[in-house]
Amino acid sequence: MFVADSVKDNQIVYVRPNGGRVLIPEDILASIFPYAQDSWNKPESGGVIMGRYIKDSEDIVVDKITLPMPGDKSTRFSFFRNRKSHQKIIDREWEASCFTCTYLGEWHTHPEPSPTPSFVDKNDWKRKMKQDVFDSDYLFFMIVGTSEIRLWEGNKYVNSFTTLNKV
Ligand SMILES: [Zn+2]
């Protein structure tokens, strides 16, 4: 099964531990699908996730992601983002959206059907929870597998991750 086949109604909605929802809309999914490692020669890819916290709710909409770009380092089993070039896009989107489109976390791909974070991923996520500058108490980490996209929510205070289920 290709990853696109796991998506109903052209979008994915995840449920947060606090009852809020995270919406990944169609255009974002469409830009991610080509990077799924569904053939042997596709390298690992990744980028950052940006979006909005919806007022008076715990809901979040992903509005923008960055895609691999020059300066990133990528192999079949690793991906290193060029900090500067991705940060430039974050800053630009933040201003262009009148300061609503904010950094939410990051995504990367795995060459496995239903992806799980590696030891390296978990350490990396913990480091980001400590070091990255972000407004809310949460960061989101997406792994794009070959037949499923999974999402984890990191909580700044307990420095742990919850797997989010789809609606
Ligand atoms: Zn990984």
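This is a guided tour of a predicted model, moving from the whole chain to the barrel, the helices, the core and a few single residues.

**Whole chain**

Start with everything shown as a cartoon. The protein has 3 helices and 10 strands. Read from the N terminus, the elements come in the order β-β-α-β-β-β-β-α-β-α-β-β-β. Turn the C-alpha trace along its principal axes and the spans are about 45 × 35 × 30 Å. The radius of gyration is 15 Å, which agrees with the value near 15 Å for a compact globule of 167 residues. Buried residues make up 34% of the 167. If you draw contacts between residues at least 6 apart in sequence, 64% of them join residues at least 24 apart.

**The barrel**

Select the strands β1, β2, β4, β3, β7, β8, β9 and β10, and follow them in that order: these 8 strands close into a barrel with mixed pairing. On average, neighbouring strands of this sheet are turned by 35° against each other, direction ignored.

Next, select residues 102-109 and 138-144, which are β7 and β8. How do these two strands run, parallel or antiparallel? They are parallel, joined by 5 bridges. Show T109 and find V144 of β8 standing opposite.

Keep β8 and add β9, residues 149-155. Here the pairing is antiparallel, over 7 bridges. The two strands form a hairpin, with 4 residues between them. F140 can be picked out as the residue opposite E153 in β9. Colour β9 by burial: 6 of its 7 residues are buried, leaving the strand mostly covered.

Then add β10, residues 160-166. β9 and β10 are also paired in the antiparallel sense, with 5 bridges. W152 faces T163 of β10 across this pairing. The strands β9 and β10 form a hairpin with 4 residues between them, and N159 in the turn has a positive phi of about 50°.

**Helices on the sheet**

Select residues 83-96, helix α2. This helix lies across β3 (46-53), β4 (60-65) and β7, and runs at about 15° to β3. Place a distance between the end C-alpha atoms of α2: they are 20 Å apart, in agreement with the 20 Å expected for 14 residues at 1.5 Å a residue.

Now move to residues 119-131, helix α3, which packs on the sheet and touches β8, β9 and β10. The direction of α3 makes about 150° with that of β8.

Return to α2 and select E95, which lies in this helix. Is E95 buried or exposed? E95 has 10 other C-beta atoms within 10 Å and is therefore exposed, the limit for that class being 12 or fewer. For a sense of scale, draw a line from E95 to L164: the C-alpha atoms are 30 Å apart, and the residues are 69 apart in sequence.

**The nonpolar core**

Hide the cartoon and show side chains. The largest nonpolar core has 32 residues. Which members touch the most others? They are I49, I65, L104, F140, M142 and V144. β8 supplies the largest share of this core, with 7 residues.

Centre the view on L104. Apart from neighbours within four places in sequence, L104 contacts I49, M50, G51, I60, V62, L139 and F140.

**Residues with positive phi**

Finish with the backbone torsions. Most residues other than glycine have a negative phi. The residues below depart from that pattern.

- D9 is not a glycine, yet its phi is positive at about 55°. D9 lies in the segment before β1 (12-15). This residue is exposed, with 8 other C-beta atoms within 10 Å.
- D56, in the loop between β3 and β4, has a positive phi near 60°. D56 counts as exposed, because its C-beta neighbours inside 10 Å number 6.
- C98 comes just after α2 and takes a positive phi of about 55°.

Conventions
Residues are numbered from 1 along each chain as its sequence is written. This is a predicted model: local features need pLDDT of at least 70, side-chain atom pairs count only at pLDDT 80 or more; totals for chains, interfaces and linings use all residues. Two strands pair if DSSP finds at least two bridges between them. Axes are lines fitted to C-alpha atoms, for helices over the stretch in contact, and angles run from 0 to 180 degrees between N-to-C directions. Two residues are in contact if their C-beta atoms, placed from the backbone, lie within 7 Å. A nonpolar core is a set of buried Ala, Val, Leu, Ile, Met, Phe, Trp, Tyr and Cys residues joined through C-beta atoms within 7 Å. A residue is buried if 20 or more other C-beta atoms lie within 10 Å of its own, exposed if 12 or fewer, and partly exposed in between; C-beta atoms are placed from the backbone. The radius of gyration is taken over C-alpha atoms; the globule rule is 2.2 Å times the number of residues to the power 0.38. The expected span of a helix is 1.5 Å times one less than its number of residues.
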